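Please open the structure in the viewer and keep the selection tool at hand. The tour proceeds from one selection to the next.

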Amino acid sequence: MSNTDYTLAVEDLTVSFDGFKAIDALTLYVDKNELRVIIGPNGAGKTTLLDLICGRTKAAAGSIKFRNQELTRMAEFRRVRLGIGRKFQTPSIYENLSVFQNLEVSFPKGRSVLGALAFTCTNEVRARVEVVAEEIHLEGKLDTEAGLLSHGQKQWLEIGMLLMQEPELLLLDEPIAGMSARERELTAELLTRICRNRAVIVIEHDMDFVKRIAHKVTVMHQGRILAEGPMEQVQADERVIDVYLGH
Ligand code: ADP
(Lines give C-alpha, C1' and ligand atoms only; values in the text may rest on other atoms or scores of the structure.)
Protein backbone atom coordinates (compact mmCIF):
# COMPACT_ATOMS: atom_id res chain seq x y z
CA MET A 1 0.00 0.00 0.00
CA SER A 2 1.35 3.46 -0.86
CA ASN A 3 1.50 6.12 1.85
CA THR A 4 -1.15 8.12 0.01
CA ASP A 5 -3.78 5.39 0.50
CA TYR A 6 -3.99 5.70 4.29
CA THR A 7 -6.66 7.69 6.10
CA LEU A 8 -3.94 9.02 8.38
CA ALA A 9 -0.22 9.25 7.64
CA VAL A 10 1.95 10.70 10.42
CA GLU A 11 5.62 11.00 9.51
CA ASP A 12 8.60 11.98 11.67
CA LEU A 13 6.33 13.92 13.99
CA THR A 14 8.09 15.75 16.79
CA VAL A 15 7.01 18.09 19.58
CA SER A 16 8.87 19.28 22.66
CA PHE A 17 7.74 20.87 25.90
CA ASP A 18 10.50 22.92 27.55
CA GLY A 19 13.15 20.97 25.66
CA PHE A 20 11.61 17.57 26.52
CA LYS A 21 10.61 15.57 23.43
CA ALA A 22 7.10 14.32 24.20
CA ILE A 23 6.81 13.00 20.61
CA ASP A 24 10.06 12.06 18.99
CA ALA A 25 10.20 11.53 15.19
CA LEU A 26 7.11 9.31 15.31
CA THR A 27 5.73 7.65 12.16
CA LEU A 28 2.31 6.02 12.10
CA TYR A 29 -0.09 4.97 9.34
CA VAL A 30 -3.74 4.20 9.93
CA ASP A 31 -5.88 2.56 7.31
CA LYS A 32 -9.50 3.37 6.56
CA ASN A 33 -11.91 1.15 8.51
CA GLU A 34 -9.10 0.34 10.91
CA LEU A 35 -9.54 0.28 14.67
CA ARG A 36 -6.12 1.10 16.06
CA VAL A 37 -5.42 1.03 19.79
CA ILE A 38 -2.54 2.96 21.31
CA ILE A 39 -1.16 1.63 24.58
CA GLY A 40 1.87 2.46 26.69
CA PRO A 41 2.93 3.68 30.14
CA ASN A 42 1.86 7.04 31.56
CA GLY A 43 3.84 9.86 30.01
CA ALA A 44 4.57 7.86 26.83
CA GLY A 45 3.02 10.62 24.68
CA LYS A 46 -0.31 8.99 23.74
CA THR A 47 -2.52 11.99 24.54
CA THR A 48 -0.02 14.39 23.00
CA LEU A 49 -0.14 12.37 19.77
CA LEU A 50 -3.95 12.68 19.60
CA ASP A 51 -3.62 16.41 20.43
CA LEU A 52 -1.27 16.81 17.47
CA ILE A 53 -3.57 14.93 15.11
CA CYS A 54 -6.65 16.99 16.05
CA GLY A 55 -4.70 20.26 16.06
CA ARG A 56 -4.93 21.10 19.76
CA THR A 57 -1.11 21.04 19.86
CA LYS A 58 1.07 22.15 16.95
CA ALA A 59 3.97 20.01 15.77
CA ALA A 60 7.54 21.31 15.82
CA ALA A 61 8.57 19.05 12.93
CA GLY A 62 7.25 16.27 10.72
CA SER A 63 3.95 15.95 8.93
CA ILE A 64 0.38 14.79 9.44
CA LYS A 65 -1.68 13.89 6.40
CA PHE A 66 -5.36 13.06 6.53
CA ARG A 67 -6.70 11.43 3.35
CA ASN A 68 -3.56 12.70 1.71
CA GLN A 69 -4.21 16.31 2.71
CA GLU A 70 -1.54 18.13 4.66
CA LEU A 71 -2.84 19.03 8.14
CA THR A 72 0.28 19.84 10.07
CA ARG A 73 -0.27 23.61 10.31
CA MET A 74 -4.05 23.60 9.92
CA ALA A 75 -6.27 25.08 12.66
CA GLU A 76 -8.21 22.66 14.88
CA PHE A 77 -11.69 23.78 13.68
CA ARG A 78 -10.72 23.21 10.05
CA ARG A 79 -9.61 19.68 10.88
CA VAL A 80 -13.04 19.07 12.43
CA ARG A 81 -14.67 20.23 9.20
CA LEU A 82 -12.45 17.91 7.20
CA GLY A 83 -13.72 14.98 9.25
CA ILE A 84 -11.61 14.49 12.36
CA GLY A 85 -13.54 13.99 15.60
CA ARG A 86 -11.92 13.94 19.03
CA LYS A 87 -13.38 12.71 22.28
CA PHE A 88 -11.73 13.46 25.58
CA GLN A 89 -12.08 11.44 28.78
CA THR A 90 -14.69 13.70 30.38
CA PRO A 91 -17.86 13.83 28.30
CA SER A 92 -18.89 17.29 27.16
CA ILE A 93 -22.60 17.10 26.56
CA TYR A 94 -25.48 19.49 27.26
CA GLU A 95 -26.90 17.99 30.46
CA ASN A 96 -30.12 20.04 30.35
CA LEU A 97 -30.99 19.08 26.79
CA SER A 98 -32.52 15.80 25.68
CA VAL A 99 -30.52 13.11 23.91
CA PHE A 100 -32.30 14.11 20.70
CA GLN A 101 -31.39 17.79 21.14
CA ASN A 102 -27.75 16.98 21.93
CA LEU A 103 -27.50 15.05 18.67
CA GLU A 104 -29.51 17.64 16.74
CA VAL A 105 -27.24 20.55 17.72
CA SER A 106 -24.24 18.51 16.59
CA PHE A 107 -25.47 18.24 13.01
CA PRO A 108 -22.99 20.21 10.91
CA LYS A 109 -24.42 23.60 10.00
CA GLY A 110 -24.66 24.45 6.31
CA ARG A 111 -24.18 20.89 5.15
CA SER A 112 -27.82 20.05 4.65
CA VAL A 113 -28.64 19.02 1.09
CA LEU A 114 -31.10 21.82 0.50
CA GLY A 115 -29.38 24.18 2.89
CA ALA A 116 -31.75 27.05 3.55
CA LEU A 117 -34.97 25.04 3.39
CA ALA A 118 -35.68 24.61 7.07
CA PHE A 119 -38.41 21.97 6.59
CA THR A 120 -36.15 19.69 4.55
CA CYS A 121 -33.30 20.33 6.92
CA THR A 122 -35.39 19.28 9.91
CA ASN A 123 -36.31 15.99 8.28
CA GLU A 124 -32.75 15.36 7.24
CA VAL A 125 -31.47 16.09 10.73
CA ARG A 126 -34.13 13.90 12.35
CA ALA A 127 -33.26 11.00 10.06
CA ARG A 128 -29.57 11.35 10.90
CA VAL A 129 -30.31 11.59 14.65
CA GLU A 130 -32.28 8.35 14.47
CA VAL A 131 -29.49 6.50 12.66
CA VAL A 132 -26.86 7.75 15.12
CA ALA A 133 -29.04 7.06 18.20
CA GLU A 134 -29.27 3.43 17.14
CA GLU A 135 -25.52 3.21 16.59
CA ILE A 136 -24.89 4.42 20.16
CA HIS A 137 -27.54 2.24 21.88
CA LEU A 138 -29.68 5.27 22.80
CA GLU A 139 -32.57 4.87 20.35
CA GLY A 140 -34.98 4.37 23.25
CA LYS A 141 -33.72 7.43 25.13
CA LEU A 142 -34.19 10.23 22.62
CA ASP A 143 -36.47 12.25 24.94
CA THR A 144 -34.40 11.64 28.08
CA GLU A 145 -32.55 14.60 29.54
CA ALA A 146 -28.86 13.93 28.98
CA GLY A 147 -28.02 14.71 32.62
CA LEU A 148 -30.12 11.69 33.69
CA LEU A 149 -28.15 9.19 31.58
CA SER A 150 -25.72 6.73 33.18
CA HIS A 151 -22.01 7.51 32.96
CA GLY A 152 -21.60 5.05 30.08
CA GLN A 153 -24.58 6.41 28.19
CA LYS A 154 -23.14 9.93 28.47
CA GLN A 155 -19.92 8.67 26.90
CA TRP A 156 -21.89 7.10 24.05
CA LEU A 157 -23.87 10.29 23.58
CA GLU A 158 -20.68 12.22 23.12
CA ILE A 159 -19.50 9.68 20.55
CA GLY A 160 -22.91 10.11 18.88
CA MET A 161 -22.44 13.89 18.78
CA LEU A 162 -19.19 13.30 16.91
CA LEU A 163 -20.87 10.79 14.59
CA MET A 164 -23.44 13.44 13.64
CA GLN A 165 -20.58 15.16 11.81
CA GLU A 166 -19.85 11.96 9.85
CA PRO A 167 -16.15 11.97 10.70
CA GLU A 168 -13.71 9.82 8.75
CA LEU A 169 -11.33 9.62 11.69
CA LEU A 170 -12.37 9.39 15.33
CA LEU A 171 -9.88 9.86 18.15
CA LEU A 172 -11.02 8.47 21.51
CA ASP A 173 -9.18 8.83 24.79
CA GLU A 174 -9.99 5.96 27.21
CA PRO A 175 -13.63 5.55 26.14
CA ILE A 176 -14.54 2.92 28.78
CA ALA A 177 -13.11 4.67 31.86
CA GLY A 178 -15.60 4.29 34.73
CA MET A 179 -17.98 2.00 32.81
CA SER A 180 -19.71 -1.14 34.09
CA ALA A 181 -18.85 -4.53 32.54
CA ARG A 182 -22.08 -4.47 30.52
CA GLU A 183 -21.37 -0.93 29.26
CA ARG A 184 -17.85 -1.98 28.27
CA GLU A 185 -19.22 -4.84 26.23
CA LEU A 186 -21.72 -2.55 24.52
CA THR A 187 -18.94 -0.04 23.86
CA ALA A 188 -16.83 -2.77 22.23
CA GLU A 189 -19.79 -3.55 19.96
CA LEU A 190 -20.31 0.14 19.23
CA LEU A 191 -16.66 0.74 18.29
CA THR A 192 -16.52 -2.40 16.17
CA ARG A 193 -19.58 -1.17 14.32
CA ILE A 194 -18.55 2.46 13.78
CA CYS A 195 -15.12 1.62 12.39
CA ARG A 196 -16.83 -0.02 9.41
CA ASN A 197 -17.30 3.48 8.00
CA ARG A 198 -14.19 5.26 9.28
CA ALA A 199 -10.84 4.89 10.97
CA VAL A 200 -10.84 4.95 14.78
CA ILE A 201 -7.86 5.48 17.09
CA VAL A 202 -8.38 4.61 20.74
CA ILE A 203 -6.06 5.15 23.71
CA GLU A 204 -6.75 2.37 26.21
CA HIS A 205 -5.25 0.73 29.29
CA ASP A 206 -7.64 -2.18 29.77
CA MET A 207 -5.90 -5.07 28.00
CA ASP A 208 -8.98 -7.32 27.87
CA PHE A 209 -10.80 -4.53 26.09
CA VAL A 210 -7.85 -3.92 23.76
CA LYS A 211 -7.82 -7.61 22.81
CA ARG A 212 -11.54 -7.44 22.16
CA ILE A 213 -11.50 -4.44 19.80
CA ALA A 214 -8.07 -3.78 18.26
CA HIS A 215 -7.23 -4.58 14.66
CA LYS A 216 -3.70 -3.45 15.38
CA VAL A 217 -1.94 -2.16 18.51
CA THR A 218 0.70 0.56 18.68
CA VAL A 219 2.83 0.58 21.82
CA MET A 220 4.31 3.97 22.69
CA HIS A 221 7.22 4.63 25.02
CA GLN A 222 9.09 7.90 25.54
CA GLY A 223 7.47 9.61 22.57
CA ARG A 224 8.33 6.81 20.15
CA ILE A 225 6.78 3.63 18.86
CA LEU A 226 8.18 0.64 20.70
CA ALA A 227 6.18 -2.04 18.90
CA GLU A 228 3.28 -2.34 16.50
CA GLY A 229 1.16 -5.18 15.22
CA PRO A 230 -1.66 -7.54 16.18
CA MET A 231 -2.23 -7.82 19.94
CA GLU A 232 -0.86 -11.41 20.14
CA GLN A 233 2.42 -10.27 18.62
CA VAL A 234 2.73 -7.12 20.73
CA GLN A 235 1.97 -8.83 24.04
CA ALA A 236 4.68 -11.43 23.39
CA ASP A 237 7.28 -8.74 22.70
CA GLU A 238 9.91 -8.70 25.49
CA ARG A 239 10.39 -4.92 25.22
CA VAL A 240 6.67 -4.32 25.67
CA ILE A 241 6.52 -6.66 28.66
CA ASP A 242 9.52 -4.86 30.07
CA VAL A 243 8.24 -1.28 29.88
CA TYR A 244 4.48 -1.81 30.15
CA LEU A 245 2.69 -5.14 30.32
CA GLY A 246 4.93 -6.63 33.00
CA HIS A 247 4.06 -3.83 35.49
P1 ADP B 1 0.34 9.79 28.02
O2 ADP B 1 -0.95 10.22 27.40
O3 ADP B 1 0.99 8.65 27.30
O4 ADP B 1 0.23 9.50 29.50
P5 ADP B 1 1.13 12.53 27.57
O6 ADP B 1 1.00 12.71 26.10
O7 ADP B 1 0.03 13.06 28.43
O8 ADP B 1 1.39 10.99 27.89
O9 ADP B 1 2.47 13.21 28.07
C10 ADP B 1 3.75 12.94 27.47
C11 ADP B 1 4.77 13.80 28.17
O12 ADP B 1 4.62 15.15 27.77
C13 ADP B 1 4.66 13.78 29.69
O14 ADP B 1 5.96 13.80 30.23
C15 ADP B 1 3.90 15.05 29.98
O16 ADP B 1 4.23 15.54 31.26
C17 ADP B 1 4.41 15.98 28.89
N18 ADP B 1 3.41 16.99 28.50
C19 ADP B 1 2.25 16.75 27.87
N20 ADP B 1 1.59 17.90 27.60
C21 ADP B 1 2.38 18.91 28.10
C22 ADP B 1 2.26 20.33 28.16
N23 ADP B 1 1.20 20.94 27.62
N24 ADP B 1 3.26 21.01 28.74
C25 ADP B 1 4.34 20.39 29.25
N26 ADP B 1 4.52 19.04 29.24
C27 ADP B 1 3.55 18.31 28.67
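Begin by selecting L103, which counts as buried because it has 28 C-beta neighbours inside 10 Å; a residue is buried if 20 or more other C-beta atoms, placed from the backbone, lie within 10 Å of its own. This is a predicted model, in which local features need pLDDT of at least 70, side-chain atom pairs count only at pLDDT 80 or more, and totals for chains, interfaces and linings use all residues. Residues are numbered from 1 along each chain as its sequence is written.

Extend the selection to helix α3 (residues 99-105), where L103 lies; helices are DSSP runs of H or I with at least four residues, numbered from the N terminus. Next, add V129, V132, A133, G160, M161 and M164, with which L103 is in contact when its neighbours within four places in sequence are left aside. Contact requires C-beta atoms, placed from the backbone, within 7 Å. Then select V125: its C-alpha atom is separated by 8.9 Å from that of L103, 22 residues away along the chain.

Now colour domain 1 (1-83 + 169-247) and domain 2 (91-166), whose bounds come from an automatic or database domain assignment. Their centres, taken over C-alpha atoms, are separated by 26 Å. Domain 1 gives 10 residues to the contact, and domain 2 gives nine. On the domain 1 side, helix α6 (residues 181-194) supplies the largest share, five residues.

Finally, select the ligand and its surroundings: F17, A22, G40, N42, G43, A44, G45, K46, T47 and T48. A residue is near the ligand if its C-beta atom, placed from the backbone, lies within 6 Å of it. Helix α1 (residues 46-54) contributes the largest share of this shell, three residues.

Definitions and conventions. Two residues are in contact if their C-beta atoms, placed from the backbone, lie within 7 Å. Helices (H or I, at least four residues) and strands (E, at least two) are DSSP runs, numbered from the N terminus. A residue is buried if 20 or more other C-beta atoms lie within 10 Å of its own, exposed if 12 or fewer, and partly exposed in between; C-beta atoms are placed from the backbone.
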